[in-house]
Amino acid sequence: MKKQPGWALPSLKDAQIRTKHESVIEKSLFEIPVEARTLGAGRTYYLRTYGCQSNQRDSETIAGILEALQFQAVDSPETADLILMNTCAIRKNAEDKVLGELGSLKRLRKQNPDILFGLCGCMAQEEEIVDTLLKKYPHVDLIFGTHNIHRLPILLYQAMMNKEKTIEVFSKEGEVIENLPVRRFGNHKAWVNIMYGCDKFCTYCIVPYTRGKERSRSVEDILEEVRILKEQGYREVTLLGQNVNAYGKDLHIENGFASLLEEVAKIGIDRVRFMTSHPWDFSEEMIDVIARYDNIMPFIHLPVQSGDSDILKLMGRRYTIEEYKQLVDNIRSKVKNAAFSTDIIVGFPNESEEQFQHTLDIVDYVKYDNAFTFIYSPREGTPAARMEDNIPLDVKQERLQRLNAKTNYYAHLNNEAYLGNVYDVLVDGPSKKNKAVFAGYTEANKLVNFKTSTAKPGDIIKIKIVKVKTWSLDGEEIID
Ligand code: SAH
Ligand code: SF4
Ligand code: F3S
């Protein structure tokens, strides 16, 4: 399909650029043109989110904008007038899932000729994907990128009222856009963006190209958001960034994340979490702040990616495995009951059996509470994609299985230490599987299931652990 006038297509070349320009904080970029104000009246939307917490939080903004346009949310695509997929590009299988889903949803146009299909998020930022969508998924009416969310009212208006295929994907470093609507999906746990983008350029990773450069929100805007959340009764906030340790560097704030974290903790919200912290610039000051405040949860997601220093170097991770171990030891010595989770990639180009063994060794060393493990997937435009993806799939799969056996073992072993003890649990609500059973999380982010006759979602209650599983605990409410 030929490029149409008015389209802005993604450009990998533009996405790779980093200048020294400071990012602009835009406070009044979002607007709903008069003609779009009732665009969604009498119409429904179905929004499906893939990928990481950044995408979850973006979906809350998208839902906020759609509801400001009077669209109503529905739980199934079958009853929707607008289907929107907020997508993830981190691995090929994440993309394949979305493309498969898009293909199967196409049938809905037969029942509802006015249905509108939209795709946004990280896949929209990829040249190759947009090309595929144009060639093979002509039923997709609207494509917009991660830098274009605030333009949704105008883009939707074009697609719906002018019945034009609408594509707007900016590939740029990006700004900080404030004052967007938000429809939060949780009632007592909230995501709070503290920064956007990533400048780490790990060699395997597409995020720096799909999300733009590292840029921080102002301290005041973040604290104000947390204060409001507290007033609204929220009990937990998670401070979000691809690499929160870099918070404030672009604003020339010294010890940016440590001081922000401290200020957030002082607001007095019950639970403060943060993710993701990169092992590379995890400072002493950060550790001290985590140790000093009871309401900063002692649960740290610390992606290691590989246990081998040579592979880490090829990955561009900026730390050796010895430095990583030192950091874990440091955190453990200062933060009581510190628990760790991690991300690991197996089958990076040239990873030998011995190097993979080193990954198993780091799991033995840290004994993670939880690990997200992945098979390496080459991403177009990244430096690693220029290396030969030379580990056969069966070897990658076999390594993944061995790794998972080990991480599961430690997850279960760590859980065993919980048996018979009492923990504070933030009550989420009835569990997905059984409505009579409630689910909640401990400070170290352990999922606990329990029966209760008194507790309501959002309460923090004492639970005694009576049974241990690999991925959850069963407990009983302690009533004093
Ligand atoms: N900013 C976070 C991670 C974001 S992506 C951090 O630096 O930790 C989440 C995880 O996906 C990564 O930690 C990595 O383990 C995995 N991942 C990223 N790119 C990948 C790729 N090309 N193939 C396989 N896994 C990948
Ligand atoms: Fe990707 Fe590395 Fe940035 Fe994380 S820090 S988002 S893995 S480039
Ligand atoms: Fe995926 Fe984009 Fe997040 S690629 S992991 S949704 S930043």
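Contact here means heavy atoms within 4.5 Å. In this predicted model, isoleucine 115 touches Ala80, Asp81, Ile83, Leu108, Arg109 and Asp141, with residues up to four places away in sequence left out. Isoleucine 115 sits in the loop between helix 4 (108-111) and strand 5. Its relative accessibility is 3%. Buried means under 20%, so isoleucine 115 counts as buried. One of its partners, alanine 80, is 35 residues away along the chain. The C-alpha atoms of isoleucine 115 and alanine 80 are nevertheless separated by 7.4 Å.

The UniProt record, an unreviewed entry, lists residues 43-161 as "domain: MTTase N-terminal". Helix makes up 45% of this span, and strand makes up 19%. The C-alpha atoms at its two ends lie 13 Å apart.

An unreviewed UniProt entry also places the feature "binding site" at three cysteines: Cys52, Cys88 and Cys122. These cysteines are spread over 71 residues of sequence, yet they cluster in space. The largest C-alpha distance among them is 10.4 Å.

Two of these cysteines were examined in turn. Cysteine 52 is found in the loop between strand 2 (44-49) and helix 2 (53-68). With a relative accessible area of 32%, cysteine 52 is partly exposed. Cysteine 122 also lies in a loop, this one between strand 5 (116-121) and helix 5 (127-136). Its relative accessible area is 8%, so cysteine 122 is buried. Beyond its neighbours within four places in sequence, cysteine 122 is in contact with Thr87, Cys88, Ala89, Thr146, Thr210 and Arg211. Cys88, one of these partners, is itself listed under "binding site" in the UniProt record.

The three cysteines reappear around ligand 3. Its shell holds Cys52, Cys88 and Cys122, together with Asn55, Ala89, Ile90, Val207, Arg211 and Gln242. By class, the shell has 6 nonpolar, 2 polar and 1 charged residues. Two domains supply these residues: domain 1 (12-168) and domain 2 (176-415). Ligand 3 therefore lies between the two domains.

Glutamate 95 shares some of this surrounding. The residue is placed in helix 3 (residues 92-105). Its relative accessibility is 7%, so glutamate 95 counts as buried. With neighbours within four places in sequence set aside, the contacts of glutamate 95 include Cys88 and Ala89. Both Cys88 and Ala89 also belong to the shell around ligand 3. Glutamate 95 is further in contact with Met123, Glu126, Ile129 and Arg379.

Aromatic rings were searched for across the whole structure, and 8 aromatic pairs were found. One of them joins tyrosine 204 and phenylalanine 348, with ring centres 6.5 Å apart. The ring planes meet at 85°, so the pair is edge-to-face. This pair links distant parts of the chain, 144 residues apart. Tyrosine 204 is in the loop between strand 10 (195-196) and helix 7 (207-211). Phenylalanine 348 is in the loop between strand 15 (339-346) and helix 13 (353-366). Both tyrosine 204 and phenylalanine 348 are buried. Ring pairs also bring in Tyr376, which forms a cluster with Tyr204 and Phe348.

Conventions
Residues numbered from 1 in each chain as written. Chains lettered and ligands numbered in written order. Predicted model: local features only at pLDDT ≥ 70, side-chain atom pairs only at ≥ 80, totals over all residues. Heavy atoms only, no water. UniProt positions renumbered as here; feature names shortened; annotations may be inferred. Helix = DSSP H or I, 4+ residues; strand = E, 2+ residues; numbered from the N terminus. Buried < 20%, exposed > 50% of the residue type's maximum accessible area, 1.4 Å probe, protein only. Near = heavy atom within 4 Å. Nonpolar A, V, L, I, M, F, W, Y, C, P; charged D, E, K, R; others polar. Domains from an automatic or database assignment. Phe/Tyr/Trp six-rings, centres within 6.5 Å; stacked < 30°, edge-to-face > 60°.
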